[in-house]
Amino acid sequence: MEILQVKDLKLYYKTLYGMAKAVDGVSFTVRKGETLGIAGESGCGKTTLGLGLVLRKPPMVWCGGQAFIEDTDLMNLDEKSMRKLRYEKISIIPQYAMDALNPTKKIRQIIQDLLKEHKQRYEEKQELLTERLTLINLNKKILDMYPIELSGGMRQRLVMVISTLLNPKLLISDEITSALDVSTQKTVIQTLYQMKKKGFMDSLIFITHDLSLLYQIADRVMIMYAGKVAEIGEIQDIVDNPLHPYTRALIGSLPRIGVRYHETKLKGIHGYPPNLLKIGPACRFKERCPMAFNKCEENPPIFRVNAQEVACWLYEEGERV
Amino acid sequence: MNFSRPKGRDCSEVIFLRKYLLKKILIYVLTFFFAATINWAIPRFMPGNPIHFLIARFATLPESAKVLQSYFTQAFGLDRPLMEQYVNFWRAFFKGDLGISIYLYPQPVLKVILRSLPYTVLLLLPAIIVSFVIGNRFGAFVARKKYLDNIALPIFYTLTAAPYFWFGILLAWLFGVVLKVFPIAGAYSFAMTPSFSWRFVSNYLYHWILPFSSLVLVMLGGWAIGMRNMIIYELEANYSRYMEALGSSQSLIRRYAYRNAILPQVTGLAIQLGTAVAGTLTTEIVFSYPGIGYILMQGILNQDYFLIQGCFLFIIVGVLIANFIVDILYLIIDPRIRKSYTGEI
Amino acid sequence: MNLKEFVYFFLRNKKIITALCILGLLALVSIFGPFLTSYDPLEFASAPYQPPNRQHWLGTNTFGQDLFTQTVYGLRSSLLVGLFGGGLATIIGLIIGFLAGYRGGWFDEILMMLTNILMVIPTLALLIIIAAYLPYRGVLIQSVIIGLTAWPWTARAVRAQTLSLKTREFVDLARITATRSSKIIFQEIMPNMMSYVFMVFILQFGGAILAATGLDFIGLGPTRGISLGIMLQQATLWNAIQLGMWWWVVTPGALITLVVATLYIMNTGLDEVFNPRLREM
């Protein structure tokens with residue numbers, strides 16, 4: 001059963017020099033109860049995608065495609081219904097979770113107001129809230145404090161609880177670990193895993209630039225490159241058998257323990273992603289691709305190879321999706 | 001468990017507050033000291049020796065010349081060493097001796113000023129408060145509403161760019177001369193004497209309304225512009241985006257933004273105080289309103305230097321007190337200052 | 001922000017273009033206006049109490065002086081005070097704020113203490129006490145005393161800017177490579193502050209005009225000559241509105257308001273150019 005079905009979604013940024021095609025015809029699904037990881041370099045459109053599902057504000061504009069959450073198209077919904085849907089069905093832990101709370105309001109007040117907007121009574125949720133705060137190691141006394149009185153890490157965990165208080169069908173976690181050190185990253189991911197196991201949310205989209213983190217939490221992975229899907233598949237398949245040359249390069253560039261630089265040259269990816277303002281008809285990875293051939297002058301469709309989906313002409317014999 | 005509440009927290013908060021306020025008071029005392037010293041130094045060290053110039057000018061008036069000359073020499077203590085003059089100046093100040101007014105000879109300056117002070121305060125304070133409240137509401141209301149903003153912004157800019165007294169003149173002309181609905185001179189009718197009777201108070205309010213409205217209108221523009229800009233900034237802040245992503249309505253987000261935007265506006269209150277005082281002084285002149293501004297101009301026109309200097313000191317003291325009140329107000333409404341000392345727990 | 005973006009937003013910003021046109025027009029009037037009139041601003045021109053008519057475009061006052069002549073001369077002195085007074089305040093504020101921010105230490109402490117003290121004292125009060133003791137006052141002297149009293153907030157703002165620029169990489173780099181201080185200041189920090197300083201100057205320009213008008217009105221304007229503030233002071237002293245002579249008060253005040261409002265709007269426009277967050281998309 002699919003919770004989210006995204007079809008050919010296009011989210012562009014209006015800029016002085018024209019449209020920047022940050023998300024350009026992306027299709028994927030999120031199944032009930034699963035964690036989908038989205039990975040790629042910065043600027044590949046993963047954050048735009050995550051944000052765009054919840055809230056599109058100028059300069060971001062929707063330029064086509066659909067995104068169904070249980071038969072409701074998020075892209076063609078009036079503002080009022082969309083507002084109701086946010087938080088109740090689809091929620092987000094933003095990149096800036098550490099300062100996502102108004103510094104001059106008491107935390108209890110913030111939560112009360114957020115709940116009231118969804119016609120929920122704070123008193124009814126109070127017990128649940130306390131229980132969940134305990135789970136993430138926060139005393140309920142913090143409810144009477146101001147966000148500035150908490151440390152950055154505490155604020156982030158608090159936001160994780162607030163975002164999931166209404167048990168959304170889908171939670172989008174956007175680069176929540178990028179500002180943290182490795183040991184804290186691990187704690188945060190464990191917390192997120194716990195939250196999902198205890199049913200705070202049904203499904204999870206975990207956005208990160210760090211592929212190694214996905215291995216710890218994701219069921220399936222979507223690799224994005226320059227606004228397009230490069231490859232989608234089960235995490236184990238992607239790691240064991242990456243198909244797209246970009247995925248291979250990404251996995252190859254992960255440092256491995258026991259491998260020393262002078263023994264095996266670290267495989268970085270050379271060059272830079274294309275300018276999203278000037279995108280030609282060719283495959284977007286062509287310039288950096290070690291396997292590029294004449295077919296790559298044309299943008300590849302998505303082919304299905306076993307359980308994986310890959311956008312690369314090397315797999316033309318696979319079934320077109 | 002990495003959460004712990006420091007013990008004796010309320011106690012440390014009090015200590016912090018006391019330290020904070022003491023520091024503020026120290027700065028204000030220093031400021032007053034500095035201003036009073038300028039007040040003392042300017043007549044003595046200004047190029048062209050103004051006191052001698054002054055004495056020379058009054059020497060042409062046959063009867064008063066002698067009295068005045070000896071009075072000036074004595075009052076400024078010009079025949080003494082500078083240090084002693086300075087000490088005497090402070091001694092006199094603490095005795096409340098600000099000299100004798102020449103324009104209203106022989107009334108003491110302090111008496112003249114204390115008589116006009118209530119008129120200024122009762123005009124200025126309500127004007128500041130009312131304009132602050134209305135201006136901020138207006139500014140918050142128009143922010144990020146394209147069409148409304150385009151109409152309102154030029155109006156606010158015109159208001160804030162107009163000299164206070166010019167606006168007063170326009171209102172006086174429109175309501176006093178053309179429509180003849182409000183009086184345009186004095187704080188009460190000529191035939192009355194100040195008292196706490198209903199007749200006097202209503203007459204006072206009747207005279208008060210025009211200068212008051214003109215002050216409110218001009219001040220309002222500045223607050224509205226400031227608030228509009230702050231709200232735009234706050235609506236872009238992360239917490240606003242997060243609330244929106246969780247489906248909050250624009251009205252709640254704006255309410256939160258307003259709460260935060262009002263804080264810098266309160267700081268702005270302290271900064272704008274000087275301008276507001278200046279505006280009140282000039283507006284009083286327009287309406288021949290017997291406050292500090294009006295007697296200050298009389299002092300200037302009549303070269304009554306003791307009166308001018310006395311007014312200066314009173315204005316400084318008033319502004320310093322108001323600044324202190326704003327500081328306390330800020331402490332009450334912004335938890336960040338109160339709580340920041342605890343740092344990260 | 002690169003030059004192309006700057007030019008694009010600058011020319012596309014309606015606020016800036018409108019403001020530039022108005023200011024240019026007013027500057028032209030103040031420069032060439034005196035050639036359009038055959039009267040002297042302070043001399044008896046013809047019958048007093050005349051409302052605007054063909055001969056006296058803005059009417060005459062109680063003394064039979066031509067108000068159009070007074071207005072163009074007054075506009076000239078107002079713009080001069082704005083230019084000199086605002087310019088001086090900007091320069092002093094720039095130097096003090098910059099030195100305080102760049103040198104730091106006790107130097108910074110003392111300068112900022114002085115700045116904070118001067119910020120609390122109302123400028124007009126300070127101006128009054130200084131101007132009252134000046135036996136002779138001209139436009140230039142007025143500009144100087146305004147410049148000398150209006151700099152504190154600029155100094156504070158510039159200091160904050162300097163502090164933030166000082167810690168940027170390019171300045172660090174210059175310092176590591178033992179570049180001379182003056183070179184760092186003029187080649188690295190100054191160019192980055194120019195946009196900001198220009199906006200400060202515009203605000204100071206308007207502030208100086210308003211301060212001068214207030215001084216003139218309270219009786220401490222130029223002892224000789226005419227200004228828009230003096231026109232308003234005389235109009236009030238001689239009961240212009242009670243006598244129904246609206247033409248004596250409307251134009252001078254409206255001109256001041258126009259100049260200052262235009263400057264403010266230009267400032268907002270520039271803010272939008274330099275600060276993308278405020279831009280309307």
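Two strands count as a pair if DSSP finds at least two bridges between them. Keep that in mind for the first view, and remember throughout that you are looking at a predicted model.

**Figure 1. Strands β1 and β2 of chain A make a hairpin.** Start with β1(A), which covers residues 2-15, and β2(A), which covers residues 18-31. The two strands run antiparallel and are joined by ten bridges. Just two residues sit between them in the hairpin. Want a spot to look for? Find A:Tyr13, which stands opposite A:Ala20 in β2(A).

**Figure 2. Nine strands of chain A line up in an open sheet.** Walk across the sheet and you meet the strands in the order β7-β8-β9-β3-β10-β11-β13-β12-β14. The pairing is mixed. Which strands stand at the edges? They are β7(A) and β14(A), the latter being residues 319-320. Each has a single partner strand, so one side of each is left without a neighbour in the sheet. Helix α5(A), residues 152-163, packs on this sheet and touches β7(A) and β8(A). The direction of the helix makes about 180 degrees with that of β7(A).

**Figure 3. Strands β10 and β11 of chain A pair in the antiparallel sense.** Here we zoom in on two members of the sheet. β10(A) spans residues 220-225 and β11(A) spans residues 228-234, with six bridges between them. A:Tyr225 makes a handy landmark: it stands opposite A:Lys228 in β11(A).

**Figure 4. Two loops of chain A hold unusual backbone angles, at A:Pro59 and A:Glu70.** Most residues other than glycine have a negative phi, and most peptide bonds are trans. Now look at A:Pro58 and A:Pro59: the peptide bond that joins them is cis, with omega at about 5 degrees. You'll find A:Pro59 in the loop between α1 (46-54) and β4 (60-62) of chain A. The second spot is A:Glu70, which is not a glycine but still has a positive phi of about 45 degrees. A:Glu70 belongs to the loop between β5 (66-69) and β6 (72-73) of chain A.

**Figure 5. Chain A meets chain B.** On this contact, 32 residues of chain A face 25 residues of chain B. Three elements of chain A give two or more residues to its side: α2 (79-88), β7 (90-93) and α3 (107-116). Which of these gives the largest share? It is α2(A), with four residues. Sorted by class, the chain A side has 15 nonpolar, eight polar and nine charged residues.

**Figure 6. Chain C meets chain B.** This contact takes 38 residues from chain C and 48 residues from chain B. On the chain C side, the elements that give two or more residues are α4 (105-120), α5 (123-132), α9, α10 (228-237) and α11 (246-274). The one that gives the most is α11(C), with nine residues. By class, the chain C side has 26 nonpolar, ten polar and two charged residues.

**Figure 7. Helices α3 and α4 of chain C pack against each other.** Pull back for a moment: chain C has eleven helices and zero strands, and its C-alpha atoms fill a box of roughly 75 × 45 × 30 Å along the principal axes. Back in the close-up, α3(C) covers residues 67-103. Its axis is 7 Å from that of α4(C), and the two helices pack at an angle of about 145 degrees. The crossing is left-handed. From α3(C) come C:Ile96, C:Leu99, C:Ala100 and C:Arg103. They meet C:Gly105, C:Phe107, C:Asp108, C:Leu111 and C:Met112 in α4(C). By class, that contact has six nonpolar, one polar and two charged residues.

**Figure 8. Helix α9 of chain C has a kink.** α9(C) covers residues 181-220, which is 40 residues. A straight helix would reach 58 Å at 1.5 Å a residue, but the end C-alpha atoms here are only 43 Å apart. Where does the kink lie? Look at C:Met190, shortly before the proline C:Pro191: the kink is about 55 degrees.

**Figure 9. Helix α8 of chain B bends too.** α8(B), residues 198-235, spans only 48 Å between its end C-alpha atoms, while a straight helix of 38 residues would span 56 Å. The bend is about 35 degrees and sits at B:Trp208. Look a little further along and you'll spot a proline, B:Pro211, which follows within four residues.

How values were computed: Residues are numbered from 1 along each chain as its sequence is written. Chains are lettered from A and ligands numbered from 1 in the order in which they are written. This is a predicted model: local features need pLDDT of at least 70, side-chain atom pairs count only at pLDDT 80 or more; totals for chains, interfaces and linings use all residues. Two residues are in contact if their C-beta atoms, placed from the backbone, lie within 7 Å. Ala, Val, Leu, Ile, Met, Phe, Trp, Tyr, Cys and Pro count as nonpolar, Asp, Glu, Lys and Arg as charged, and the others, Gly among them, as polar. Axes are lines fitted to C-alpha atoms, for helices over the stretch in contact, and angles run from 0 to 180 degrees between N-to-C directions. The expected span of a helix is 1.5 Å times one less than its number of residues. The bend at a residue is the angle between axes fitted to the seven residues ending there and the seven starting there. A crossing is left-handed if the near helix is turned anticlockwise from the far one by less than a right angle, and right-handed if clockwise.
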